[in-house]
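Work through the following exercises with the sequence and the coordinates side by side. Each task is followed by a solution that proceeds step by step.

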Amino acid sequence: MNASTDTPTRRVALVQVASPSDESREARIERVEQVLRRHPDVDLFVLPELWSAGYFSFERYEELAETLDGPTVAMARRVARDLGASIHLGSIVEHGSDGALHNTAVLIDGTGRIAQTYRKIHVFGYQSLESELLTPGTSLSVVAGPLGPTAGTTCYDLRFPGLWQELSARGAEAVIVPAAWPAARREHWCLLTQARAVEHQLWVLACNACGSQGDPDAPVQLGGFSRVVDPSGRVVAECGDGEEVLVVDLDPARVAEVRAEFPVIADRLSTADYAALGSDPGEGTAVHAAAT
Ligand SMILES: NC(=O)CCC(=O)C(=O)O
């Protein structure tokens, strides 16, 4: 309980797991279920992107694709119901009813109901086959969650501030970011998770994968460093580079406090307003025509 506001704090756990290629999906789901059940007092669990299939196991996407009734979602719904906790299960390779495969994040509430699905919009194509194999999503949502209005974005989406501005404009106060972000670009991960929190004065709950994945002859090292960033941009808690459950108590009222103290969001224009601004090159040469 927060003494100054009387709002209950919320216990969040980022479950940073590895997806080694010699572990079956079934064994991994069972292992993660045991990990979750060891934390009966958590309000919201967050898992990484495509942890059950393994993000870099591109050659197995088709085989491991599942529907929203599949084994990963079923396990998370069962645990959520038993523990009365919300679970953001990271994402699955979803076999959609449209016949396409998607990278779909799923948030389950404490009754075991699917509260939100989000199909990753920016599928990744740099040293990755994701953009060839998976179809991008076309919608966003903000739903009620333990920390207030909650949205999901997935990994590479961190790089696209316009998407985050839209989520913020739709009222998000917490954004959950499951990821399979390689160690090679960990600096970007740290920079962007803090930047998005500062820009929009919201919680960023960013859960990355760890360990190595993919082709054993050319494995990719995942970055770990899952982190909780508060609405002022401060890193409240952070994992190392191995498997870990990071448990932290958060005060949902912190968003309102930060926004009242430094009301930057109130000064922000919409993306349409920015696009409509005039062009005044002064003595220079305009390289872009103003919108009419
Ligand atoms: N899984 C991803 O989307 C990886 C994104 C990434 O590595 C990057 O943006 O850098």
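A residue is called buried if 20 or more other C-beta atoms lie within 10 Å of its own, exposed if 12 or fewer do, and partly exposed in between, with C-beta atoms placed from the backbone. Helices (H or I, at least four residues) and strands (E, at least two) are DSSP runs, numbered from the N terminus. Residues are numbered from 1 along each chain as its sequence is written. The model is predicted, so local features need pLDDT of at least 70 and side-chain atom pairs count only at pLDDT 80 or more, while totals for chains, interfaces and linings use all residues.

**Exercise 1. Strand 9 and its sheet**

Task: Determine which residues of strand 9 point one way and which the other, and whether they are buried or exposed.

Solution: Begin with the two faces: Trp-203, Leu-205 and Cys-207 point one way from strand 9, Val-204, Ala-206 and Asn-208 point the other way, and all are buried. The count for the strand agrees, as six of its six residues are buried.

Next, place the strand among its partners, where two strands pair if DSSP finds at least two bridges between them. Strand 8 and strand 9 pair in the parallel sense over six bridges, and Ala-174 stands opposite Trp-203 in strand 9. Strand 9 (residues 203-208) is also joined to strand 12 (residues 227-229) by three bridges, and these two run antiparallel; here Leu-205 faces Val-228 of strand 12.

The wider sheet is open and consists of six strands in the order 6-7-8-9-12-13, with mixed pairing. Strand 6 (143-145) and strand 13 (235-238) each have a single partner strand, so one side of each is left without a neighbour in the sheet. Neighbouring strands of this sheet are turned by 25 degrees against each other on average, direction ignored, where axes are lines fitted to C-alpha atoms, for helices over the stretch in contact, and angles run from 0 to 180 degrees between N-to-C directions.

Finally, add the helix: helix 6 (residues 186-200) packs on the sheet and touches strand 8 (174-179), strand 9, strand 12 and strand 13, its direction making about 155 degrees with that of strand 9. Contact means that the C-beta atoms of two residues, placed from the backbone, lie within 7 Å.

**Exercise 2. Positive phi values**

Task: Establish where Gln-201 lies, and compare its setting with that of Gln-127.

Solution: Start from the expectation that most residues other than glycine have a negative phi. Gln-201 has a positive phi of about 50 degrees although it is not a glycine, and Gln-127 has a positive phi near 50 degrees. Gln-201 lies in the loop between helix 6 and strand 9, whereas Gln-127 lies in the loop between strand 5 and helix 4 (130-133).

The neighbour counts then settle the burial: Gln-201 counts as buried because it has 23 C-beta neighbours inside 10 Å, while Gln-127 counts as exposed because it has 10. A glycine with positive phi occurs in the hairpin of strand 12 and strand 13, where five residues separate the strands and Gly-233 has a phi near 95 degrees.

**Exercise 3. Helix 3**

Task: Check why the length of helix 3 agrees with its number of residues, and identify what covers its buried residues.

Solution: The expected span of a helix is 1.5 Å times one less than its number of residues. For the 13 residues of helix 3 (residues 71-83) this gives 18 Å, and the end C-alpha atoms are 18 Å apart, so the two values agree.

Now turn to burial: Thr-72, Val-73, Ala-76, Arg-77, Val-79 and Ala-80 are buried in helix 3. Residues three or four places apart in an α-helix point the same way, because there are 3.6 residues a turn. The cover over the buried residues includes helix 1 (25-37), strand 3 (86-95) and strand 4 (101-108). Helix 3 lies across strand 3 and strand 4, running at about 165 degrees to strand 3, and is followed by Gly-84, whose phi is positive, near 65 degrees.

**Exercise 4. Ser-19**

Task: Decide whether Ser-19 is buried or exposed, and list the residues that Ser-19 touches.

Solution: Ser-19 lies in the loop between strand 1 and helix 1 and counts as buried because it has 26 C-beta neighbours inside 10 Å. Not counting residues up to four places away in sequence, Ser-19 touches Arg-28, Trp-51, Gly-54, Ala-209, Gly-211 and Gln-213. Of these, Gly-211 is 192 residues from Ser-19 in sequence, yet 7.1 Å away in space, C-alpha to C-alpha.
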